[in-house]
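Reader: I should like to learn how packing and pairing features are read from a model of this kind. Please begin with the way two helices pass one another.

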Amino acid sequence: MSTPFDPIDLAGLRLRNRLVMPAMGRARAFGPGNTATDSMATYYAQRATAGLIITEGSQPSVVGQGFPHTPGLHSAEQIAAWRRVTDAVHAEGGTIFAQISHVGRVGDPGLLPDGLVQVAPSAVAAPGQLFTVDGMKDFTTPRELTSQEVRETIADFAQAARNAVEAGFDGVELHAAYGYLIHQFLAPSSNLRTDEWGGSTEGRIRFAAEVVAAVSAAIGARRTGVRISPGIRFNGIEEPDLEATYVQLIRRLNETGPAYLHIVEDSRDLTGILRKEFSGTLVLNPATDGCTGAEELALIEDGTADMLSFGALFLANPDLPARLRAGGPYNTPDETTYYGGTDKGYLDYPYLNA
């Protein structure tokens with residue numbers, strides 16, 4: 001029986017334990033051109049005793065940005081700034097992946113250069129509002145990507161992954177969750193296309209599968225992870241055929257062989273089905289009534305997951321692995337820094353990327 005504190009081999013990377021700090025939105029890339037800062041290096045280095053750190057989402061292109069002060073991985077300045085972060089984490093013996101996140105239709109066009117607007121699989125606005133520097137605003141209708149632009153966007157993900165490796169990251173996590181671009185292609189509520197990128201389950205999973213394949217070809221499948229949130233209805237996502245969609249997606253991903261699948265859980269039954277389908281390491285952010293806590297460690301011991309991610313508790317306890325091993329005490333997460341009192345909501349800054 002494995003314990004949460006045992007080392008684990010993640011596709012050739014030896015991790016010190018099975019505890020993961022997941023991507024949490026911070027919006028603190030205050031450096032010029034949305035670059036990482038010294039405070040970000042300190043923040044991640046403080047948490048380097050995690051088996052794996054996954055950074056806040058970084059946009060792979062200018063148009064992939066949707067929120068203020070989020071970092072990118074598409075310029076030389078951004079690569080150089082991230083190097084300070086990865087060096088700091090590695091100096092503490094940690095392992096760190098960059099999350100690559102394209103918001104798609106979910107974002108503020110006021111952040112984009114003149115002439116650019118949010119893009120998506122289809123010209124369908126997300127319902128509701130989003131946080132901006134000027135307060136809450138209605139989501140706008142995105143521009144539908146052409147088929148050629150879809151392929152260019154896949155290339156952007158691959159280049160961002162190369163940039164991440166150049167910046168010293170040990171790998172990348174592709175954000176296919178929470179109603180962002182990859183998830184928008186998966187969901188029939190946001191993907192109304194009838195070409196090769198939609199129209200059927202096979203068409204809707206194609207973008208996700210090809211992004212994973214392109215990134216794996218660029219930096220190696222062993223450096224590539226994928227985060228999904230099946231059944232989580234953020235940002236207007238509706239998925240009536242959950243099991244069929246995600247089983248087919250996992251079977252496509254197995255052809256490429258990414259290092260891990262990170263599930264933000266809505267249904268334990270579906271988690272079990274996907275665990276049986278996936279051939280790699282399973283990281284789980286479990287469904288809970290509050291933030292993920294010590295009681296969820298049993299999910300590693302009973303084989304439900306290989307690794308466990310803690311969001312809000314890692315935010316409040318930089319030395320969380322030591323506290324979990326000792327049985328506490330724990331600093332209580334400040335509920336003003338995350339939405340809804342769960343690991344599924346806004347963490348550390350009022351926008352979604354938990």
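Author: A crossing is called left-handed if the near helix is turned anticlockwise from the far one by less than a right angle, and right-handed if clockwise. Here H1 passes H2 in a right-handed crossing. Helices (H or I, at least four residues) and strands (E, at least two) are DSSP runs, numbered from the N terminus. This is a predicted model, in which local features need pLDDT of at least 70 and side-chain atom pairs count only at pLDDT 80 or more, while totals for chains, interfaces and linings use all residues. Residues are numbered from 1 along each chain as its sequence is written, and side-chain values use heavy atoms, with hydrogens and water left out.

Reader: At what angle do H1 and H2 pack, and how far apart are their axes?

Author: Axes are lines fitted to C-alpha atoms, for helices over the stretch in contact, and angles run from 0 to 180 degrees between N-to-C directions. For helix H1 (residues 38-45) and helix H2 (residues 76-91), the angle is about 25° and the axes are 8 Å apart. That makes H1 roughly parallel to H2, given that angles under 35 degrees count as roughly parallel, over 145 as roughly antiparallel, 65 to 115 as roughly perpendicular and the rest as oblique.

Reader: Which residues of H1 and H2 meet?

Author: Contact means heavy atoms within 4.5 Å. From H1, Asp38, Met40, Ala41, Tyr44 and Ala45 meet Trp82, Arg84, Val85, Ala88 and Val89 of H2. By class, the contact of H1 with H2 has eight nonpolar, no polar and two charged residues. In this scheme Ala, Val, Leu, Ile, Met, Phe, Trp, Tyr, Cys and Pro count as nonpolar, Asp, Glu, Lys and Arg as charged, and the others, Gly among them, as polar.

Reader: How should the strands be read, and which of them form the closed barrel?

Author: Strands of a sheet pair through backbone hydrogen bonds, either parallel or antiparallel. Two strands are taken as paired if DSSP finds at least two bridges between them. The closed barrel has eight strands, running S3-S4-S5-S10-S11-S12-S13-S14 with parallel pairing. Its twist averages 25° from one strand to the next. Within the barrel, strand S4 (residues 52-58) pairs with strand S5 (residues 96-100) in the parallel sense over four bridges. The bridge partner of Ile54 in S5 is Phe97.

Reader: Which strands does H1 touch, and which does H3 touch?

Author: H1 packs on the sheet against strand S3 (19-21), S4 and S5, and its direction makes about 150° with that of S4. Helix H3 (residues 147-166) also packs on the sheet, touching S5 and strand S10 (171-176), with its direction at about 155° to that of S5.

Reader: How do H3 and H5 cross?

Author: The axes of H3 and helix H5 (residues 201-219) come within 9 Å and cross at roughly 35°. H3 passes H5 in a right-handed crossing. The residues of this contact divide into twelve nonpolar, one polar and four charged.

Reader: What is the arrangement of H5 and H6?

Author: Their axes come within 9 Å and cross at roughly 30°, H6 being residues 242-256. H5 and H6 are therefore roughly parallel to each other. H5 passes H6 in a right-handed crossing. Their contact divides into eight nonpolar, five polar and three charged residues.

Reader: Where should one look for unusual backbone geometry?

Author: Most residues other than glycine have a negative phi, and most peptide bonds are trans. Ala27, in the loop between S3 and H1, has a positive phi of about 55° although it is not a glycine. The peptide bond from Gly328 to Pro329 is cis, with omega near 0°, and Pro329 is found in the segment after helix H10 (320-326).
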